[in-house]
Amino acid sequence: MMAGGAGREGLGAGCRDPDPTSAPTPASTPSLSLASESLEPLQDLTGDGGVRKQQLRPGTGQPVPPSSSVAVKYSGYLGNWNKLFCSNGNSKYPRLMKLGKDITLWGLEIGLLSMTKGEAALFVLAPEYAYGQRGCPPSIPPNTTVLFKVEVLDFIDSEECDAFFELTYEQRDRLPLEKLLKVAATEREFGNYFFYKQCFKIAKDRYKRALSILGCSSSSKAEQSQINASKLLLFLNLSLTYLKLERADRALKYGELALEMDQGNAKALFRCGQACLYMKEYSKSRDFLARAQCIQPFNRDINNELKKLARTVAAVHLLAHGDLSITYKFWEKGQEHCLTSRD
């Protein structure tokens, strides 16, 4: 949800004073009535009382970096927490927002930079750190102190990516491999984030973007090995993502690309087996899955997929021939098992 005025994207976009350092007229300071007596006292983040924080729950890891894209749950209030003016609390998967671009409230940025992943906190923002002397009509009156309840769900530091995509193609070509690998890894991290939020099309695009960064080749065997290792992970990611998108042909393509780099990769063999089963290429599916099982004989997912294949083949044979005696063999935990269409 937008923080002030319909049609504005992000938190605070278009609603701050042109000069956030202009001196405000006196404004009343609301109390933190949502906070319990057992919570930590207010922390003055700016030294002038403009941004004050009360931690509700600690997080883990490093604080949010200034160049991050963050996923947060937030609610903004006026008065003593009795008038909600913005919230994304009903969103199952809050979108990633870029600090300084999507989140433009000065005080909220300062607050987020003090937080870690999983942390929840309350913030009191004086007018000069929020919507200024003008406010943001009609939601926020002039010279108003606002309050925010914020939870940091996740964040990705995109500093390297931001800098990379501002370069010309010629400048990118001159970057050291270490830098390229880091940018590609960050793009893959974005892809993973969107994948786990079930935004598979966006995840696919981020994985492909990472692959495009790794399009270079190296005369150094050691450097090429690093490039191939990064590509392998992306091929596996893309194979699984295309399975989720029900594009088995593309899933097979990227699974086979992974196998070109590592013919004994059980994940790649498994993805190819899944794709072939989806495309009703049962013999190829069994070949891929059997090879995966030889490498990981006790892998539950592989064994379950072989059972699924066996049931599918038995059912297809039954429909085609009406033969209840068809038997399909598969291996699990080092032993041969038989499945008939009666099973």
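**Helix 8, its flanking residues and the salt bridges**

In this predicted model, helix 8 is followed by Lys-280, a residue with a positive phi near 65°. Lys-280 has this positive phi although it is not a glycine. The residue is placed in the loop between helix 8 and helix 9 (282–295). Its relative accessibility is 61%, above the 50% limit, and Lys-280 therefore counts as exposed.

Helix 8 itself comprises residues 266–278. From the first C-alpha to the last, its 13 residues reach 18 Å, close to the 18 Å expected at 1.5 Å a residue. The helix is mostly covered, with eleven of the 13 residues buried. The buried positions are Ala-266, Ala-268, Leu-269, Phe-270, Arg-271, Cys-272, Gly-273, Gln-274, Ala-275, Cys-276 and Leu-277. Charged and polar residues are thus represented in this set by Arg-271 and Gln-274.

At the other end of the helix, Asn-265 is found in the loop between helix 7 and helix 8. A side-chain oxygen of Asn-265 reaches to within 3.1 Å of the backbone nitrogen of Lys-267 at the start of helix 8. A polar atom of the Asn-265 side chain also lies 2.9 Å from the backbone nitrogen of Ala-268. The relative accessibility of Asn-265 is 12%, so the residue counts as buried. With neighbours within four places in sequence left aside, Asn-265 is in contact with Leu-232, Leu-236 and Leu-259.

Leu-259 is also among the residues in contact with Phe-288. Beyond its neighbours within four places in sequence, Phe-288 is in contact with Leu-252, Glu-256, Leu-259, Leu-269, Cys-272, Gly-273 and Cys-276. Of these, Leu-269, Cys-272, Gly-273 and Cys-276 are listed among the buried residues of helix 8. In an α-helix, residues three or four places apart point the same way, because there are 3.6 residues a turn.

Phe-288 is also prominent in the largest nonpolar core. This core has 49 residues, of which Leu-96, Phe-288 and Leu-309 touch the most other members. At least two residues of the core are supplied by each of helix 2 (159–165), helix 4 (177–196), helix 5 (200–213), helix 6 (221–244), helix 7 (248–261), helix 8, helix 9 and helix 10 (300–321). Helix 4 contributes the most, with nine residues. Another core lies apart from this one and has 28 residues, including Val-51, Met-115, Ala-121 and Leu-125.

Two backbone features occur in the loop between strand 8 (120–125) and strand 9 (146–157), where Pro-138 and Asn-143 are placed. The peptide bond from Pro-137 to Pro-138 is cis, with omega near 0°. Asn-143, a residue other than glycine, has a positive phi near 50°. Asn-143 has a relative accessibility of 13% and so counts as buried; Lys-280, with its positive phi of about 65°, counts as exposed.

Side chains of opposite charge can pair when their charged atoms come close. A search of the whole structure finds twelve salt bridges. In one of them, Lys-53 pairs with Glu-119, and the closest N and O atoms are 2.7 Å apart. This pair links distant parts of the chain, 66 residues apart, with Lys-53 in strand 2 (residues 51–57) and Glu-119 in the loop between strand 7 (116–117) and strand 8. Both Lys-53 and Glu-119 are buried.

Strand 2 also holds Arg-57, while Glu-151 lies in strand 9. The side chains of Glu-151 and Arg-57 meet in a salt bridge with an N to O distance of 2.9 Å. Because the two residues lie in these two strands, the pair ties together parts that are 94 residues apart in sequence. Glu-151 is partly exposed, with a relative accessible area of 25%, and Arg-57, at 37% relative accessibility, also counts as partly exposed.

A further salt bridge joins the side chains of Asp-249 and Arg-247, at 3.4 Å from N to O. Asp-249 has 43% relative accessibility and counts as partly exposed. Arg-247 counts as partly exposed as well, at 39% relative accessibility. In addition, Glu-160, Lys-179 and Lys-182 are linked in a network of salt bridges.

Technical notes
Residues numbered from 1 in each chain as written. Predicted model: local features only at pLDDT ≥ 70, side-chain atom pairs only at ≥ 80, totals over all residues. Heavy atoms only, no water. Helix = DSSP H or I, 4+ residues; strand = E, 2+ residues; numbered from the N terminus. Expected span 1.5 Å × (residues − 1). Buried < 20%, exposed > 50% of the residue type's maximum accessible area, 1.4 Å probe, protein only. Polar contact = N/O pair within 3.5 Å; in protein donor to acceptor, adjacent residues only side chain to side chain. Core = buried A, V, L, I, M, F, W, Y, C linked by side-chain atoms within 4.5 Å. Contact = heavy atoms within 4.5 Å. Salt bridge = Lys/Arg side-chain N within 4 Å of Asp/Glu carboxyl O.
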